[in-house]
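Here's a quick tour of one protein model, taking in its empty spaces, a helix pair and a few backbone oddities. Keep the viewer open as you read.

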Amino acid sequence: MTLLLAGDIGGTKTILRLAETSDSQILRTIYQQTYHSADFPDLVPIVQQFLTQVNTSVPEKACFAIAGPIVKNTAKLTNLVWFLDTERLQQELGIPRISLINDFAAIGYGIAGLEKPDLYVLQPGKLQPEAPVAIIGAGTGLGQGFLIKTGNYYQVFPSEGGHADFAPRTEIEFQLLKYLLDKHDIQRVSVERVVSGMGIVSIYQFLRDRKFAAESPDIAQIVRTWEQEAGKEEKSVDPGAAIGTAALQKRDRLSEQTLELFIDAYGAEAGNLALKLLPYGGLYIAGGIAPKILPLIQNSSFLFNFTQKGRMRSLLEEIPVYIILNSQVGLIGAALCAARL
């Protein structure tokens, strides 16, 4: 048996998990704890406190999924002043093997550890086990990546596809593009500006300013507060979540229209990714937004926009599409990655 440590490290919270492994397979979770990242000056004291709490020997391997880019085994976290270096972490923690991976790459590794209840099948398609796998996930931003099978395991490849150009297809989407260009005084609009948490707010502002529907007082107040707090690192409200909840409850027409436009654009971009990769091994929709608005996606034109690619429609109809429901898929991925060190 081998002890390993997995971590999902974000600007807001850090989740650590101690697990037992054998032959690169996770056998069981021994202990797990969540910490408020900003309460600590660095990752090292969090890990030290965690290992003291669990009262165990030092793990042999560790992998930490980081909310930020990994450059030459180092990482600077988004929204934190932490600077992590694998060599320093190994020395200060006494763990012989440590790896840092991007949090979206961790999701890619975590797919192998998901079980049937962790997934919602949006389109069964025709699964080809040896084919590429694609991942797309709207959350704070828009993550994209893909997996290629090499031997018994998948190799995960990151992507910056979320920063590709937003491609409007309808009159209202062309209006949205022009609105964003003018509002932000920019030369181009990335798809992430539309398909993400901030994208939901941008779509709402566009529909509001173009008077597609009247605002409800409660949502209007949340969005105004958020606008007034522009530039602040800490926001007192989350307008994207409020708009999503109002749309789910069907109590605000403007929020419903916002989510309709958001889901259409999300489906279209997922289809664009699928065209480039032909992921007959599955296209997985990750990120925090999709599970929260699952009923809206189920009853929307997401799949219509996903497959609406002219002569390529029949190809996309054969790609399995899944929504990841397990919010700890990144932590699962970090554990699997640690096991293979």
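## The enclosed cavity

A cavity here is a set of grid points where a 1.4 Å probe fits but cannot get out, and a residue counts as lining when it has an atom within 4 Å of a point. Bear in mind that this is a predicted model.

With that in hand, how many cavities of 30 Å³ or more does the structure hold? The count is 1. The largest cavity takes in about 60 Å³ of space. Around it sit D165, F166, A167, R169, E173, V191, A265, A268, E269 and N272. Helix α8 is the top contributor to that wall, supplying 4 residues. Sorted by class, the lining comes out as 5 nonpolar, 1 polar and 4 charged.

## The second largest pocket

Now for an open space. The second largest pocket has a volume of about 340 Å³, and 18 residues line it. If you want to centre your view there, go to I111, A112, V133, Y154 and Y284, which lie nearest the pocket's centre.

Which elements give two or more residues to this lining? They are α3 (103-110), β11 (142-150) and β12 (153-159). As for chemistry, the lining of this pocket has 13 nonpolar residues, plus 3 polar and 2 charged.

## Helices α1 and α2

Next, a helix pair. Helix α1 spans residues 43-54 and helix α2 spans residues 86-93; they pack at an angle of about 35°, and their axes are 11 Å apart. The crossing of α1 past α2 is right-handed. On the α1 side, the contact uses L43, V44, V47 and Q48, while α2 brings R88, L89, E92 and L93. By class, those contact residues split into 5 nonpolar, 1 polar and 2 charged.

Helix α1 is also home to I46. Is I46 buried or exposed? I46 counts as buried because its relative accessibility is 0%, and the cut-off for buried is under 20%. Beyond the neighbours within four places in sequence, I46 touches T14, L16, Y35, F40 and W82. Take T14: this residue is 32 residues away from I46 in sequence, yet the two C-alpha atoms are 8.5 Å apart.

## The α4-α5 loop

Over in the loop that links α4 (171-184) to α5 (197-209), have a look at D185. Most residues other than glycine have a negative phi. D185 isn't a glycine, but its phi is positive, at about 50°. The side of the accessibility scale is clear too: D185 is at 66% relative accessibility, so it counts as exposed.

I186 belongs to the loop between α4 and α5 as well. With 23% relative accessibility, I186 counts as partly exposed. Setting aside neighbours within four places in sequence, I186 is in contact with L180, L181 and R193. For a sense of distance across the model, the C-alpha atoms of I186 and L43 are separated by 37 Å, with their positions 143 residues apart along the chain.

## Another positive phi

L278 is one more backbone spot to check: this residue is not a glycine either, and its phi is positive at about 45°. You'll find L278 in the loop between α8 (253-277) and β13 (283-286). Its relative accessible area is 33%, so L278 is partly exposed.

Methods:
Residues are numbered from 1 along each chain as its sequence is written. This is a predicted model: local features need pLDDT of at least 70, side-chain atom pairs count only at pLDDT 80 or more; totals for chains, interfaces and linings use all residues. Side-chain values use heavy atoms; hydrogens and water are left out. Axes are lines fitted to C-alpha atoms, for helices over the stretch in contact, and angles run from 0 to 180 degrees between N-to-C directions. A crossing is left-handed if the near helix is turned anticlockwise from the far one by less than a right angle, and right-handed if clockwise. Contact means heavy atoms within 4.5 Å. Ala, Val, Leu, Ile, Met, Phe, Trp, Tyr, Cys and Pro count as nonpolar, Asp, Glu, Lys and Arg as charged, and the others, Gly among them, as polar. Buried means under 20% relative accessible area, exposed over 50%, partly exposed in between (1.4 Å probe, protein chains only). On a 1 Å grid over the protein atoms alone, a cavity is a set of points where a 1.4 Å probe fits but cannot get out, and a pocket is an open set with protein on both sides within 12 Å along at least five of seven lines; lining residues have an atom within 4 Å of a point. Grid points are joined across faces, edges and corners, and a volume is the space filled by probe spheres set on the points.
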